[in-house]
Amino acid sequence: QVTPLAAVALCTAVLDVLLNWVALYPLNGGLRLAAGASALCTTLGATVSLALVVLLPPPQAKAAVRRGLCCCRGRNSKDGDATPAEASQGAWTYLSDSADMVVRSLLLSSSVWAMSVVASRLGTAALSANQILLQLWMVTSYLCDGIADAGTMLGGKLLGAGKYEALLVLCRRLVGYGAIVGVACSLGMLTAEGPLLSLLTGGGDDDRKVRHELRGVWPLLCVMQSVNALVFVYDGLIYATHSFRFVRNLMLIGSLLIYGPLLGGGYFAFHTLLAVWGAKSALNAWRCLGAVWLIEGHFRKLWRQECPISSSGGDDSEEHQSAATLEKP
C-alpha cells in the first residue's frame, strides 16, 4: 500500500508546517508550542499509517499481518497461519532484528547530538552553521530514500523468489541511480554555493560570521553528497537481505573507533567546525565501504553462484532475461 502511505506522509508534512506556523505566529506560542505541534503531527501520522497496515493490508500481506497480530496462536495452516512454535520463533527473530535497528538508530542520532554539543562550544556562529549543514547533509535522501525503498521491497521479493539474475540487475540499476543523484547534488551545490549561502543567511554581522563558517565546510559537504547517496541506496539493499546485525555492528565499530576519536581529537586539536564535520564524513565513508563490501563483495558472489548457467548467449543473454524479469508486474 505504497500510495496510501505516501499520501499519509504528505498530509502529515503539510499539517506539520501549518500547525507550526499557527503555533509560532498567530498564537505566538514559541518553540515549546511548535514542538508540541510537531509531536502531535508525528503521532497522528504514525497512528494512521499503522491502522492502514493492520486494517487494510494488500491481499498478499494479510496472512503475514495476521501472524504478527496473533503470533502466539496457531491456526489452520490453510490460511497461511503458522504453528505456535513457528510463530514464536518468527516473533523472536522480529524482536532481535528490531533491537539491532534500534541500536543503529540510537548511534546515528547520538552522532548528530554529539556534533551539536561540540559545535555549541565553538560559538554561536558555528552552532548556527552546524544546524544549516545538518539540513543540507540530507539533501540526497529526499530522492535516494525512494530508490532505497525500491531496493528493499523489490530486492526482498526477488531474493525470496530465487531470481538472482534479476536481483543482480536490480542492484546495478539502483546503485547507478544513486550515484547519478549524488554526483548531481554534489555539482549543483558546488556551483550554487553563493546563491545558497545568500538564501540561507541574512546580511547582518552575525550572518557574515555564519557564512564564514559554512564556507569552511562547504567543499566537504558537496563531496559527501555522492557518498551519502550511495549509503542510502545500499542501506535499502542491505535491508532486503535482512542483514540487520551487520548494520548494527558496522555502526558500533564506526561510532566507537572512528567517529568518537575523530570528533574529540578534532575538537581539541583544531577547534573548528570543519573538524567536527570531518568526523561525521569519516563515519559515513566507513558505512559506505562496509555496505559496498557486503553487497558487492559478499552477496554478489553468492548470487552469481546461484544463477543458472545459460546454455547460449553468454552474459548478454542472461542480463537481457534478468532485465525482462524486472519489467514484469
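## A pocket and its main contributor

Let's start with a helix: α4 gives the most to the lining of the second largest pocket, supplying five residues. Please keep in mind that this is a predicted model.

The pocket in question has a volume of about 410 Å³. Its lining is made up of 20 residues, and those nearest the centre are R104, D145, F232, D235 and Y239.

## Which helices line the pocket

If you would like to trace the walls, look for α4 (84-120), α5 (124-137), α6 (141-161), α9 (205-240) and α11 (273-306), each of which supplies at least two lining residues. Sorted by class, the lining of this second largest pocket holds 10 nonpolar, four polar and six charged residues.

## How α6 and α9 pack

Two of these helices, α6 and α9, also pack against each other, with an angle of about 25 degrees and their axes 7 Å apart. Angles under 35 degrees count as roughly parallel, so α6 and α9 are roughly parallel to each other. Their crossing is right-handed.

## Where the two helices meet

To find this contact in the structure, start on the α6 side with S141, C144, D145, I147, A148, G151, T152, G155, G156 and L159. Their partners in α9 are A229, F232, V233, G236, L237, Y239 and A240. By class, the contact of α6 with α9 has 10 nonpolar, six polar and one charged residues.

Some names may look familiar by now: D145, F232 and Y239 take part in this contact, and they are also among the residues nearest the centre of the second largest pocket.

Note on methods
Residues are numbered from 1 along each chain as its sequence is written. This is a predicted model: local features need pLDDT of at least 70, side-chain atom pairs count only at pLDDT 80 or more; totals for chains, interfaces and linings use all residues. Side-chain values use heavy atoms; hydrogens and water are left out. On a 1 Å grid over the protein atoms alone, a cavity is a set of points where a 1.4 Å probe fits but cannot get out, and a pocket is an open set with protein on both sides within 12 Å along at least five of seven lines; lining residues have an atom within 4 Å of a point. Grid points are joined across faces, edges and corners, and a volume is the space filled by probe spheres set on the points. Helices (H or I, at least four residues) and strands (E, at least two) are DSSP runs, numbered from the N terminus. Ala, Val, Leu, Ile, Met, Phe, Trp, Tyr, Cys and Pro count as nonpolar, Asp, Glu, Lys and Arg as charged, and the others, Gly among them, as polar. Axes are lines fitted to C-alpha atoms, for helices over the stretch in contact, and angles run from 0 to 180 degrees between N-to-C directions. Angles under 35 degrees count as roughly parallel, over 145 as roughly antiparallel, 65 to 115 as roughly perpendicular and the rest as oblique. A crossing is left-handed if the near helix is turned anticlockwise from the far one by less than a right angle, and right-handed if clockwise. Contact means heavy atoms within 4.5 Å.
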